[in-house]
Amino acid sequence: SEEEKLGVSRIVHALGSGASTVEIAMAMRELGFQTKHDNDDVLAKYAALFFDSDIEGMKIGCPTPQSYFKLLTETDPLVNVPDVAIFVARSSFILRGMGTLLGKQVQTSTRWYPYAKQALRHEGVPE
């Protein structure tokens, strides 16, 4: 739906523009993400894992996105994940996996940022 497109665009825009943890978490909540403890920091980390890169997990010694997801889940488990987010996150994981295979670190939010910005601008949503 148009609302889902804008919700995903807000998250990608927040990640790609270097927004604060609070702003990223707010965009995640607006799309419908919920965690048990409603922790901004963890919610922003889920956003980066789903829609950006594996860098944060690697920095703390998680060798795979799965191990990082497990750590985040142990810290503040997801209670609700919007269906649209699953499809977009899967695309992000596939592209990043291909990048890893080719020896390149792919940050999908950086690649998708111009399109997210355009979608928000088209709908008159302030940046």
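**Exercise 1. Place L95 in the fold of this predicted model, and state which residues beyond its sequence neighbours it contacts.**

Step 1. L95 belongs to helix α6, which covers residues 83-101.

Step 2. The relative accessible area of L95 is 42%; because partly exposed residues fall between the 20% and 50% limits, L95 is assigned to that class.

Step 3. Leaving aside neighbours within four places in sequence, L95 is in contact with V106, T108 and W112.

Step 4. For a longer distance, take A48, which is 47 residues away from L95 along the chain and whose C-alpha atom is separated from that of L95 by 14 Å.

**Exercise 2. Locate W112 and list the residues it touches, not counting those up to four places away in sequence.**

Step 1. W112 sits in helix α7, made up of residues 108-122.

Step 2. With residues up to four places away not counted, W112 touches V12, V88, S91, S92 and L95, so that the contact with L95 found from the other side in the previous exercise appears again here.

Step 3. The C-alpha atoms of W112 and N39 are 26 Å apart in space, and the two residues are 73 apart in sequence.

**Exercise 3. Compare the length of helix α3 with its expected span, and determine which of its residues are buried.**

Step 1. Helix α3 runs over residues 40-51, and its twelve residues, at 1.5 Å a residue, should span 16 Å.

Step 2. The C-alpha atoms at the ends of α3 are 16 Å apart, which agrees with the expected value.

Step 3. A residue counts as buried when its relative accessible area is under 20%, and the residues of α3 that meet this condition are V42, L43, A44, Y46, A47, A48, L49, F50 and F51.

Step 4. These buried residues make up nine of the twelve in α3, and therefore the helix is largely enclosed by the rest of the structure.

**Exercise 4. Describe the loop residues D38 and N39, and find which polar atoms the side chain of N39 approaches at the start of α3.**

Step 1. D38 lies in the loop between β1 (34-35) and α3, and N39 lies in that loop as well.

Step 2. The phi angle of D38 is positive, about 50 degrees, although D38 is not a glycine.

Step 3. D38 is partly exposed at 44% relative accessibility, and N39 is also partly exposed, with a relative accessible area of 32%.

Step 4. Beyond neighbours within four places in sequence, D38 contacts R29 and D76, and N39 likewise contacts R29 and D76; for D38 and R29 there is also a polar contact between the two side chains, at 2.7 Å.

Step 5. At the start of α3, a side-chain oxygen of N39 comes to within 2.8 Å of the backbone nitrogen of D41, while the backbone nitrogen of V42 lies 2.9 Å from a polar atom of the N39 side chain.

Step 6. Two C-alpha separations complete the description: D38 and V79, 41 residues apart along the chain, are separated by 9.7 Å, and N39 and E74, 35 residues apart along the chain, by 13 Å.

**Exercise 5. Characterise D54, and then the cavity whose lining includes D54.**

Step 1. D54 is found in the loop between α3 and α4 (55-59).

Step 2. With a relative accessible area of 12%, D54 is buried.

Step 3. Apart from its neighbours within four places in sequence, D54 is in contact with L49, P65, F93, R96 and Q105; among these, L49 is one of the buried residues of α3.

Step 4. Turning to enclosed space, the count of cavities of 30 Å³ or more comes to one, and the largest cavity holds about 30 Å³.

Step 5. The lining of the largest cavity consists of D54, G57, M58, C62, P63, T64 and P65, and by class these residues divide into four nonpolar, two polar and one charged.

Key
Residues are numbered from 1 along each chain as its sequence is written. This is a predicted model: local features need pLDDT of at least 70, side-chain atom pairs count only at pLDDT 80 or more; totals for chains, interfaces and linings use all residues. Side-chain values use heavy atoms; hydrogens and water are left out. On a 1 Å grid over the protein atoms alone, a cavity is a set of points where a 1.4 Å probe fits but cannot get out, and a pocket is an open set with protein on both sides within 12 Å along at least five of seven lines; lining residues have an atom within 4 Å of a point. Grid points are joined across faces, edges and corners, and a volume is the space filled by probe spheres set on the points. Ala, Val, Leu, Ile, Met, Phe, Trp, Tyr, Cys and Pro count as nonpolar, Asp, Glu, Lys and Arg as charged, and the others, Gly among them, as polar. Helices (H or I, at least four residues) and strands (E, at least two) are DSSP runs, numbered from the N terminus. Contact means heavy atoms within 4.5 Å. The expected span of a helix is 1.5 Å times one less than its number of residues. Buried means under 20% relative accessible area, exposed over 50%, partly exposed in between (1.4 Å probe, protein chains only). A polar contact is a pair of N or O atoms within 3.5 Å; within protein, one must be able to donate a hydrogen and the other to accept it, and residues adjacent in sequence count only if both atoms are side-chain atoms.
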